[in-house]
Amino acid sequence: MESKRVVVTGLGAITPIGNTVKDFWEGLVNGKNGACEITRFDSTLYKTHFACEVKGYNPDDFFDKKTARKYDLFAQFDIVAADEAIADSGITPENTDFDNVGVLLTSGIGGVNHFFNEMKEFFKGDGTPRFSPFLITKMIANMPGGVVSIKYGFCGPNFATVSACASSAHAIMEAFNYIRYGKCDVVIAGGAGAAIGECGIGGFNSMHALSTRNDNFMTASRPFDLNRDGFVMGEGAGSIVLEEYEHAKARGAKIYAELVGGGASADAYHITAPHPEGKGGILSMRRALKDAEITPEAIDHINTHGTSTPAGDLAEPIAIKEVFGEHAYNISINSTKSMTGHLLGGAGAVEAIASILALKNGIIPPTINHFDDDPQIDSRLNFTFNKACKRDIHYALSNSFGFGGQNATLIFKKFES
């Protein structure tokens, strides 16, 4: 089957460092820190008292009150980001057949806090089953895609890919495949996370996954630093509009970049810990390179999964060195989670946007909060620590690795007509 070209024609984001794509990018380039003390609940009794929350978000700016009550915060974020991306793309019923527009929006764990709060109310009572009629629809991860399709009349493929922190990267990869094999013209793909709450923070604390640097939380998200002690929970969403190139060209769309390859793998090792030799990441990156039909030497930039966990930040550089050999030292490497925190199921999409804009603008955003090199991480690798740098980028690679050992790698190319 002949493979069609797939381009990016729209972007949308709501993040801890900016509530639009423009503000998000400015925050990235300037090394803006998204960390703050938790306001979503009283964290006094918890091990972690900070996170990267979205600031200044008011659902009334996007939904009427009756509608907002139907959607969990993760779904609101997903919908807001999708709306921005759709508007940015310029697709309309006049230039696009909406029967051939798909929506693949997702979340790693959906409305976990809504479910937790509903259960708290139930157990306060006498056992009589009284539940919100929106209990299920506010919880399940596929609901944002359904809502967006209903809002716009998009009748193409519509489902959610769930692979924890790789969920939205897998959604983008699936969208890529649907378009390049001629099954639809346009797909809105992305994901969201909104798990900052008693259940989310408490659960990850119990796993010893979160940083507990409460006395200096502004420097807690420090990927690849010697003294990293866990990730910082983030929230928000990213959404991109992928489009078949000839379709985009015919309607005169602006094009940000071209998506040229995707790779997926499993560590087959542990439910939460990465393979210590980076096996899954190696397979995922190699498969993406093969899919893109490029050599390792073509890659100029890698936005790593880079969560700031002790084990994960060791395994990924090992994988990069294995895949890229000596060329690994020429690649500009960063982790935008140092600024946004970890958006869980939304991370892959938000970091794909960061990679796309790095390509377009020729700027590598920094990995902030780096103080001390880890002797177990090869210091010859070209990490972009603490300050953005300019670089002409032709190919950018973005990694997303999820609990369960589920990995996704995306490769974007600078657009050339």
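"Partly exposed" here describes a residue whose relative accessible area falls between the buried range, under 20%, and the exposed range, over 50%. Keep that in mind for the first view, and note that everything here comes from a predicted model.

**View 1. Glu416, a partly exposed residue beyond strand S13.** Glu416 sits in the segment that follows strand S13 (406–413). Is it buried, exposed or partly exposed? With a relative accessible area of 46%, Glu416 counts as partly exposed. Look for Ile255 in this view too: it is 161 residues away from Glu416 along the chain, yet the two C-alpha atoms are separated by 9.4 Å.

**View 2. Helices H3 and H5 crossing each other.** Here H3 (residues 73–89) meets H5 (residues 143–152), their axes coming within 9 Å and crossing at roughly 45°. That angle makes H3 oblique to H5. As for its hand, the crossing is right-handed. On the H3 side, the contact is made by Phe74, Ala75, Asp78, Ile79, Ala82, Asp83 and Ile86. H5 answers with Pro144, Val147, Val148, Lys151 and Tyr152. Sort the contact of H3 with H5 by class and you get nine nonpolar residues, three charged ones and no polar ones.

**View 3. Helices H6 and H12 packed together.** H6 (residues 167–180) packs against H12 at an angle of about 65°, and the axes are 5 Å apart. The pair is therefore roughly perpendicular. Which residues meet here? From H6 come Ser168, Ala169 and Ile172, while H12 brings Ala347, Gly348, Ala349 and Ala352. This contact of H6 with H12 has five nonpolar and two polar residues, with no charged ones.

**View 4. The largest nonpolar core.** Nonpolar side chains tend to be buried together in soluble globular proteins. In this model, the largest nonpolar core holds 46 residues, and Leu11, Ile172 and Leu242 have the most contacts inside it. Which helix gives the most to this core? That is H12 (residues 347–361), with ten residues. You have already met Ile172, one of the H6 residues that touch H12 in View 3.

**View 5. Leu11 and its neighbours.** Leaving aside residues up to four places away in sequence, Leu11 touches Val21, Glu84, Ala85, Asp88, Ser239, Ile240 and Tyr256, as well as Ile353, Ile356 and Leu357. Apart from the largest core lies another one, made of 30 residues, among them Ile79, Ala85, Val147 and Val241. Ile79 and Val147 should look familiar, since both take part in the contact of H3 with H5 in View 2.

Key. Residues numbered from 1 in each chain as written. Predicted model: local features only at pLDDT ≥ 70, side-chain atom pairs only at ≥ 80, totals over all residues. Heavy atoms only, no water. Axes fitted to C-alpha atoms, helices over the stretch in contact; angles between N-to-C directions. Helix = DSSP H or I, 4+ residues; strand = E, 2+ residues; numbered from the N terminus. Parallel < 35°, antiparallel > 145°, perpendicular 65-115°, else oblique. Left-handed = near helix turned anticlockwise from the far one by under 90°. Contact = heavy atoms within 4.5 Å. Nonpolar A, V, L, I, M, F, W, Y, C, P; charged D, E, K, R; others polar. Core = buried A, V, L, I, M, F, W, Y, C linked by side-chain atoms within 4.5 Å. Buried < 20%, exposed > 50% of the residue type's maximum accessible area, 1.4 Å probe, protein only.
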